[in-house]
Amino acid sequence: MNLPSELRYSEEHEWVKEEGGNKVRIGITDFAQDELGDIVFVELPEVGDELEADSPFGSVESVKTVSELYAPVSGKVLEVNEDLEDSPEKVNESAYEDGWMIVVELSDSSEMEKLMDADKYKAMVSED
């Protein structure tokens, strides 16, 4: 299982990467994409949308199921990975690089402290 140590992780299987300047990049974990199987469609919010931590912000559809995406942090959407519209398989191929989903400006940076480090996330998914 690929779990970069510099990222933070949510219980809903999203990863968060600090980009500096109160901005974070968000996607789903390698574990999540593996569980979902081949991803065929990704629905993401619009630039400018406000996200609330633990609330749905989009969905991922695979050949097996549709799964909601939950915001790991609150904030305003600054960027959306438009490439996923035509190439949703990038989430499977490169969950932490090309398969990122959104960039958010944090409204409360203390929410980052509630997220898990790689070791805690690995322990959580190992229990399942």
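**Exercise 1. Ala 71**

Decide whether Ala 71 is buried or exposed in this predicted model, and describe its surroundings.

Solution.
- Step 1: The relative accessible area of Ala 71 is 2%. Buried means under 20%, so Ala 71 is buried.
- Step 2: Ala 71 sits in the loop between strand 7 and strand 8, the latter covering 75-80.
- Step 3: With neighbours within four places in sequence left aside, the contacts of Ala 71 are Leu 51, Glu 52, Ala 53, Asp 54, Ser 55 and Phe 57.
- Step 4: Lys 17 is 54 residues away from Ala 71 along the chain, and the two C-alpha atoms are separated by 13 Å.

**Exercise 2. The sheet of three strands**

Give the strand order of the open sheet of three strands, and state which strands stand at its edges.

Solution.
- Step 1: The order is 4-6-7, and the pairing is antiparallel.
- Step 2: Strand 4 (39-43) and strand 7 (66-70) each have a single partner strand, so one side of each lacks a neighbour in the sheet; these two are the edge strands.
- Step 3: On average, and with direction ignored, neighbouring strands of this sheet are turned by 20° against each other.
- Step 4: Strand 4 and strand 6 (residues 56-62) run antiparallel and are joined by four bridges. In this pair, Ile 39 is opposite Ser 62 of strand 6.

**Exercise 3. A nonpolar patch**

Identify the residues that make the nonpolar surface patch of about 280 Å², and classify Val 63 by its accessibility.

Solution.
- Step 1: The patch is made by Val 40, Phe 41 and Val 63.
- Step 2: Val 63 belongs to the loop between strand 6 and strand 7.
- Step 3: The relative accessibility of Val 63 is 61%. The cut-off for exposed is over 50%, so Val 63 counts as exposed.

**Exercise 4. Two hairpins**

Describe the hairpins formed by strands 1 and 2 and by strands 2 and 3, including the turn residues with positive phi.

Solution.
- Step 1: Strand 1 (residues 8-9) and strand 2 (residues 14-20) run antiparallel, joined by two bridges. Arg 8 is placed opposite Val 16 in strand 2.
- Step 2: Four residues lie between strand 1 and strand 2 in their hairpin, and His 13 in the turn has a positive phi of about 75°.
- Step 3: Six bridges connect strand 2 with strand 3 (residues 23-28), again in an antiparallel arrangement. The bridge partner of Gly 20 in strand 3 is Lys 23.
- Step 4: The hairpin of strand 2 and strand 3 has two residues between the strands, and Gly 21 in its turn has a positive phi of about 60°.

**Exercise 5. Salt bridges**

State how many salt bridges a search of the whole structure finds, then name the partners and classify each by accessibility.

Solution.
- Step 1: The search finds two salt bridges.
- Step 2: One salt bridge is between the side chains of Arg 25 and Glu 19, at 3.2 Å from N to O.
- Step 3: Arg 25 has a relative accessible area of 17% and is therefore buried. Glu 19, at 31% relative accessibility, counts as partly exposed.
- Step 4: Another salt bridge is formed by Lys 90 and Asp 83, whose closest N and O atoms are 3.6 Å apart.
- Step 5: Lys 90 has a relative accessible area of 22% and is partly exposed. Asp 83 also counts as partly exposed, at 44% relative accessibility.

Conventions: Residues are numbered from 1 along each chain as its sequence is written. This is a predicted model: local features need pLDDT of at least 70, side-chain atom pairs count only at pLDDT 80 or more; totals for chains, interfaces and linings use all residues. Side-chain values use heavy atoms; hydrogens and water are left out. Two strands pair if DSSP finds at least two bridges between them. Axes are lines fitted to C-alpha atoms, for helices over the stretch in contact, and angles run from 0 to 180 degrees between N-to-C directions. Patches are made of residues with over 30% relative accessible area and no salt bridge: like charges are joined within 9 Å, nonpolar side chains (Val, Leu, Ile, Met, Phe, Trp, Tyr) within 5 Å. Accessible areas come from the Shrake-Rupley method with a 1.4 Å probe; for residues, only the protein chains shown count as cover. A salt bridge is a side-chain nitrogen of Lys or Arg within 4 Å of a carboxyl oxygen of Asp or Glu. Buried means under 20% relative accessible area, exposed over 50%, partly exposed in between (1.4 Å probe, protein chains only). Contact means heavy atoms within 4.5 Å.
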